[in-house]
Amino acid sequence: MIKTKNQSNDIWISQRADPYVYLHEDGTYYFTATVPQYDRIIIRRSKTLEALSEAEETVIWTRHEKGEMGAHIWAPELHYLEGRWYIYFAAGAAEDKWRIRPYVLECKGQNPAADPWEEKGALQCAEEDEFSFRAFSLDVTIFENKGAYYCVWAEKVGVGRMISNLYIARMESPVKLATVQVLLTTPDYDWERRGFWVNEGPAVLKHNGRIFLTYSASDTGANYCMGMLSAEESADLLDPHMWNKRRYPVLQTDGTRGIYGPGHNSFTVDGDGDSVVVFHARTKKEIIGDPLNDPDRHAMLRNIVWGTDGQPKFLY
């Protein structure tokens with residue numbers, strides 16, 4: 001089981017939102033996250049999950065002063081695909097910070113914390129896709145199943161009130177989708193519609209032949225929470241009917257512990273091989289002013305308990 005020196009107050013890494021942990025095949029843990037200034041991408045590395053909290057933090061890329069990738073650098077994820085390191089992140093334009101789109105970086109070596117990174121531009125949709133990445137799009141995650149790579153992301157649609165949905169597509173390459181987007185989930189329930197109608201921040205966990213896809217819902221204050229979809233690994237993952245959506249959130253505010261708005265998670269395993277959920281949460285209920293200007297979002301982690309029904313339980 002994981003143990004950290006900050007276990008008593010739940011904060012693992014302070015002021016790091018949208019935490020993403022990747023365990024490489026050589027046993028090295030990597031960490032990246034959104035920083036409060038929204039202006040750079042950082043990486044930490046260590047040989048244990050616990051040690052990431054004290055690991056040196058390296059800046060591997062900074063925002064542009066003009067044009068695309070010039071504002072709101074959000075939710076980076078580090079992936080190792082086809083023998084190379086990639087980072088997927090969201091960014092706005094310097095002159096239009098709300099023109100959020102997903103972008104890709106490729107490492108030119110095998111040490112993502114030290115080797116140079118090359119900009120690959122915006123993530124590309126399939127040739128026949130008229131919809132993907134045309135509007136506010138963010139929170140790209142990549143996962144492999146049965147030899148194919150899939151991309152899941154959040155994108156806003158609507159006339160009047162904008163709604164953030166989750167979409168899935170199969171990938172042609174690390175920088176381009178092969179298929180037209182398929183709608184996975186839209187905010188159906190009341191707990192997904194508090195403040196804003198939101199499904200975002202997808203993350204994938206595999207266990208015993210099943211795929212569990214968590215996501216975050218509602219506004220980014222105390223209402224923020226995690227929902228979950230699941231499917232069989234053998235299913236056609238581009239068929240939305242193959243995914244089952246949980247009726248209620250699987251992780252939400254717990255005022256008795258002083259944890260508010262848990263969400264935007266990733267998954268890894270600890271040194272014993274046990275599954276771990278890594279998420280951010282706030283330590284205060286009330287936010288004064290714009291939540292985006294409040295750095296009170298901290299990385300936290302908990303072991304996952306597997307129920308007799310084969311479902312993960314994200315316990316505090």
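This is a short walk through the predicted model shown above, from the whole chain down to one strand and its partners.

Let us begin with the overall make-up. The chain contains 22 strands and 0 helices. Its C-alpha trace spans about 50 × 45 × 45 Å along the principal axes. For 316 residues, a compact globule would be expected to have a radius of gyration near 20 Å, and the 18 Å of this chain agrees with that. Contacts tell us about the fold as well: among those with a separation of 6 or more, 49% link residues 24 or more positions apart.

Next, consider what is covered and what is not. Of the 316 residues, 57% count as buried, which here stands for under 20% relative accessible area. The accessible surface comes to about 13,400 Å², and carbon and sulfur atoms contribute 48% of that area. As for charge, the chain carries 45 negative and 35 positive side chains, and 3 Å separates the centres of the two sets.

Now zoom in on strand E16, which covers residues 225-232. Is this strand mostly covered or mostly open? It is mostly covered, with 7 of its 8 residues buried. One partner of E16 is strand E15 (residues 210-217); the two run antiparallel and are joined by 8 bridges. In this pairing, Leu213 stands opposite Leu229 of E16. E16 also pairs with strand E17 (residues 244-245), again in the antiparallel sense, over 2 bridges. There, Ser230 stands opposite Asn244 of E17. When following such a strand by eye, keep in mind that side chains in a regular strand alternate between the two faces of the sheet.

Methods: Residues are numbered from 1 along each chain as its sequence is written. This is a predicted model: local features need pLDDT of at least 70, side-chain atom pairs count only at pLDDT 80 or more; totals for chains, interfaces and linings use all residues. Side-chain values use heavy atoms; hydrogens and water are left out. Helices (H or I, at least four residues) and strands (E, at least two) are DSSP runs, numbered from the N terminus. The radius of gyration is taken over C-alpha atoms; the globule rule is 2.2 Å times the number of residues to the power 0.38. Buried means under 20% relative accessible area, exposed over 50%, partly exposed in between (1.4 Å probe, protein chains only). Contact means heavy atoms within 4.5 Å. Accessible areas come from the Shrake-Rupley method with a 1.4 Å probe; for residues, only the protein chains shown count as cover. Lys and Arg count as positive and Asp and Glu as negative; His and the chain ends are not counted. The place of a charge is taken as NZ of Lys, CZ of Arg, CG of Asp or CD of Glu. Two strands pair if DSSP finds at least two bridges between them.
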